[in-house]
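Please find below some notes on the charged side chains in this model. They are set out point by point.

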Amino acid sequence: MKKLLAIFFLLLATESFSQSRTETEIRQLEQLELEAVHKGDTATLFKLWSKDYVVNNPYNQVVTVNQIIGFIKEGKIDYSSVERIVEKVTLTQNLGIAMGKEIVTPEKATNNAGKKVTRRYTDVWIKTKDGWRLTARQATNIVVE
């Protein structure tokens, strides 16, 4: 019985460590993706995003990868400052769901240019054979100052 309990706790600790490591990885990917958007680094974005990536953006539009890249090239997604605060990462099977808030200062042709915008967001990551890929996102502006 003691051996069985020891094995149970060892398996529980191993699972907990694995979840902690995966959560850390998702949090790092969240920051990498934010930096790539901020820099307009489409090469990195193509590595992080699923080919089927879809976004319900803060302007009430559902957009695809090609549309997002177009917005970046047109200066409609451009920020002088960005901050993402990941409040919670939930892991289930091959999904990682990150939720939190972002504080951005849009510039150029981006809506609310020159203002501080706070938004709530949810990002959905899927584990593939090539690694984690951002597959879906929802973002809502909650305060514009």
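1. The model is predicted. It holds 14 salt bridges. The points below take up three of these pairs and one network.

2. Glu23 and Arg27 form a salt bridge through their side chains, with an N to O distance of 3.0 Å. Both residues lie in helix α1 (residues 2-39), and because they are four residues apart, about one helical turn separates them. Glu23 is partly exposed, its relative accessible area being 26%. Arg27 is also partly exposed, at 28% relative accessibility.

3. A salt bridge also joins the side chains of Arg84 and Glu33, at 3.1 Å from N to O. This pair links distant parts of the chain: Arg84 belongs to strand β3 (residues 79-92) and Glu33 to helix α1, with the two positions 51 residues apart in numbering. Both Arg84 and Glu33 are buried.

4. Arg84 has a further salt-bridge partner in Asp123, where the closest N and O atoms are 3.8 Å apart. Here, too, distant parts of the chain are linked, as Arg84 sits in strand β3 and Asp123 in strand β5 (residues 117-128), 39 residues apart. Arg84 counts as buried because its relative accessibility is 7%, under the 20% cut-off. Asp123 is buried as well, with a relative accessible area of 0%.

5. Through shared partners, salt bridges connect Glu30, Glu33, Arg84, Glu102, Arg119, Asp123 and Arg137 into one network. Arg84 bridges to Glu33 and to Asp123, and these residues are among the network's members.

Definitions and conventions. Residues are numbered from 1 along each chain as its sequence is written. This is a predicted model: local features need pLDDT of at least 70, side-chain atom pairs count only at pLDDT 80 or more; totals for chains, interfaces and linings use all residues. Side-chain values use heavy atoms; hydrogens and water are left out. A salt bridge is a side-chain nitrogen of Lys or Arg within 4 Å of a carboxyl oxygen of Asp or Glu. Buried means under 20% relative accessible area, exposed over 50%, partly exposed in between (1.4 Å probe, protein chains only).
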